[in-house]
Amino acid sequence: MATTGQVQAAFGSGEDVFSRAFDAAWAVLTSEEPFSTMPEAEKKLLATQMMKQACRAQLDANMDAKQKKREGILNGYRDYAEKQGITWRANAAALRDRGMDVWEKELNDIQQEAAKRGVVVPSYYEVAGQGPLHSYAEGNCNWEAAFDAYDAFLLVHCHHFPSLSPQACFDAIHADVNRRLLAHAPAAAGSTTVLDLGAGSGTSTFAAYRAMQHLPGLRLVGVDLSPHFVAVARHRLATGSYPGLEFCYGDAQALEPLGFGAGSVDVVLISETTHEMPLAVTRRVFREAHRVLRAGGAIGWLDLNRDQILADNPVANLANRVAMDNEPYFDEFLQLDPIAELGAAGFVVQDAGYPATELVKAGKVCSIRLVIATKQAAGL
C-alpha cells in the first residue's frame with residue numbers, strides 16, 4: 001500500500017467527459033499488440049504523454065479559469081498546511097513585512113553578482129522557472145513563491161512521519177539521507193566542500209549543514225537558479241550562525257562560473273529538483289556533478305518515487321499535472337531511472353532505496369526515493 005501527499009491529491013480531473021472518452025479509447029487501443037504486452041507503468045506514461053497536449057489545449061482555452069484553478073490549488077495547500085500546524089500564511093507575511101524595497105535591493109545585488117560571473121539562465125528554466133511552475137504564473141522567480149517555499153516543503157513531507165510535527169518529519173527524512181550520504185563520502189582532509197544543487201530557499205541546505213557542520217573546514221554552498229529563492233535563503237542565513245554556509249545564484253549544469261573546477265568538490269546533494277527538469281537537463285547536471293567531484297567523492301539524489309506515482313495516479317491526474325504547468329516536465333521526470341543515469345554519468349551506485357520513514361517501516365510504499373553514488377578513485 002502506498003501513502004501519498006497533498007500534491008498527488010491536487011490534480012484529479014474529476015469525472016469530466018474528456019477524461020472518460022480518453023480512457024475508453026485508450027482501453028481499446030491498448031488491448032492489441034504491441035501495447036497489450038507493455039508493462040502497465042509504461043502504458044500509463046505513454047498515455048500521459050499523449051493526453052497532456054489535449055489537456056493543455058482544454059485548459060488554455062480559458063486562461064482565466066486556468067489561473068483560478070492554480071490559485072485554488074495553492075490556497076488548498078495553504079489551508080491544509082495550517083490544519084497540520086504549519087503557519088504558512090503568517091510566515092510568508094512576516095517575510096513580506098521586512099519591506100519589499102529591502103527585498104528588491106537584495107535581489108538586484110544577487111543579479112549583479114551573477115552578471116559578473118557570467119551566469120546564463122538556461123532555456124528550460126525560462127519556460128518553467130521564470131515561466132509557470134508549481135501553480136505560480138512566474139514560477140520560482142517571484143516573491144510569493146519564494147516566501148511560500150519553506151512551508152511548502154514542510155507540507156509535502158509531513159505524511160511520512162504521522163507521529164511527528166511537520167518540521168520534525170522534514171528533519172528526520174533529511175537526517176537519514178545525509179547520514180547515508182556521509183557514510184560514502186571521502187574522509188575529510190583539512191577541508192570539505194559540499195554543493196547542494198537546486199537548493200531553493202535553503203530547506204535541504206540547512207538540513208545538510210546540521211548533519212555536516214562537524215566536518216573540518218566545511219564549505220557548504222547552496223546553488224539555485226531563482227534569485228528570489230537565493231535572497232530568502234540568504235536572509236535565513238543572516239538570522240543565525242552558520243560558519244561556512246553560503247548561497248549563490250547559478251546553474252547546476254554549469255558550475256565553472258561559480259568557481260568550481262574539476263575535482264574541487266567532496267560531496268554533491270541534489271534534493272527534489274530533478275522533477276522540475278527535462279530529462280536531458282538532469283543528465284547534464286549529473287555529468288557536471290561528476291566533473292566537479294574529486295575521485296572518491298559522493299553524490300546524493302533524493303526525489304519523487306516514479307514507480308509509486310505511476311502506480312497510484314490515474315492518467316488524467318498525471319496529464320493535468322503537466323498541462324496545468326504545475327510541473328511542465330513531469331512526464332520526462334517519470335522516464336528518469338536515477339540508477340541508470342548516474343551510472344551513465346560515470347558514478348558507481350552505493351545505496352538505493354527510501355528514507356527510513358515511519359511509512360517504510362510499516363511496509364508502505366514511499367513517495368520519495370534515494371540514491372547515493374560515488375566517483376571512482378583514479379585507476380579503478
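1. Start with a cavity. Trp301, Leu304, Asn305, Arg306, Phe333, Leu336, Pro338 and Arg369 line the second largest cavity of this predicted model. Its volume is about 30 Å³. By type, the lining residues divide into five nonpolar, one polar and two charged. How many cavities of 30 Å³ or more does the structure hold? The structure holds two.

2. Next, the largest pocket. About 150 Å³ of space lies in this pocket. Two elements each give two or more residues to the lining: helix H9, residues 166-182, and helix H10, residues 203-212. Which of the elements gives the largest share? The largest share comes from H10, with three residues. The full lining is Tyr150, Gln167, Phe170, Thr203, Phe206, Arg210, Arg236 and Tyr242. These residues divide into four nonpolar, two polar and two charged.

3. Look at H10 itself. Eight of its ten residues are buried, so H10 is largely enclosed by the rest of the structure. The buried residues are Thr203, Ser204, Thr205, Phe206, Ala207, Ala208, Tyr209 and Met212. Thr203 and Phe206 are also among the residues that line the largest pocket.

4. Take Thr205 as one example from H10. Is Thr205 buried or exposed? Thr205 counts as buried because its relative accessibility is 0%, and the cut-off for buried is under 20%. What does Thr205 contact, leaving aside neighbours within four places in sequence? The partners are Asp196, Ala199, Leu220, Gly222, Leu245 and Phe247.

5. Ala233 belongs to helix H11, which runs over residues 227-238. Ala233 also has 0% relative accessibility, and so counts as buried. Not counting residues up to four places away in sequence, Ala233 touches Gly200, Ser201, Gly202, Phe206 and Phe247. Phe206 is a pocket-lining residue, and Phe247 is also a contact of Thr205. Now compare Ala233 with Gln376. Ala233 and Gln376 are 143 residues apart in sequence. Their C-alpha atoms are 33 Å apart in space.

6. Asp176 sits in helix H9. Asp176 is a charged residue, yet it is buried, with a relative accessible area of 9%. Which residues does Asp176 contact, leaving aside neighbours within four places in sequence? They are Tyr354, Pro355 and Ala356.

7. Now the nonpolar core. In soluble globular proteins, nonpolar side chains tend to be buried together. Here, the largest nonpolar core has 109 residues. Helix H8, residues 143-157, gives the largest share of this core, seven residues. Which residues have the most contacts inside the core? They are Leu195, Leu197, Val268 and Ile299.

8. Val268 deserves its own look. Not counting residues up to four places away in sequence, Val268 touches Leu181, Leu195, Leu197, Ala289, Val292, Leu293, Ala298, Ile299 and Gly300. Leu195, Leu197 and Ile299 appear in that list, and they are also named with Val268 for the most contacts inside the core.

9. Val268 leads on to helix H12. Ala289 and Val292 touch Val268, and both are buried residues of H12. The other buried residues in H12 are Leu279, Val281, Thr282, Val285, Phe286, Glu288 and His290. H12 covers residues 279-292 and has 14 residues. How far does H12 reach from its first C-alpha to its last? It reaches 20 Å, close to the 20 Å expected at 1.5 Å a residue.

10. Two backbone angles are worth checking. Most residues other than glycine have a negative phi. Ser135 is not a glycine, yet its phi is positive, about 70°. Where does Ser135 lie? Ser135 is in the loop between helix H7, residues 123-127, and H8. Ser135 is buried, with a relative accessible area of 3%.

11. Asp325 is the second case. Its phi is near 65°, a positive value in a residue other than glycine. Asp325 lies in the loop between helix H14, residues 315-323, and helix H15, residues 330-333. Is Asp325 buried or exposed? Asp325 is buried, with a relative accessible area of 13%.

Technical notes:
Residues numbered from 1 in each chain as written. Predicted model: local features only at pLDDT ≥ 70, side-chain atom pairs only at ≥ 80, totals over all residues. Heavy atoms only, no water. 1 Å grid on protein atoms, 1.4 Å probe; cavity = no way out; pocket = protein on both sides within 12 Å on 5 of 7 lines; lining within 4 Å. Points joined across faces, edges and corners; volume = space filled by probe spheres on them. Helix = DSSP H or I, 4+ residues; strand = E, 2+ residues; numbered from the N terminus. Core = buried A, V, L, I, M, F, W, Y, C linked by side-chain atoms within 4.5 Å. Buried < 20%, exposed > 50% of the residue type's maximum accessible area, 1.4 Å probe, protein only. Contact = heavy atoms within 4.5 Å. Expected span 1.5 Å × (residues − 1).
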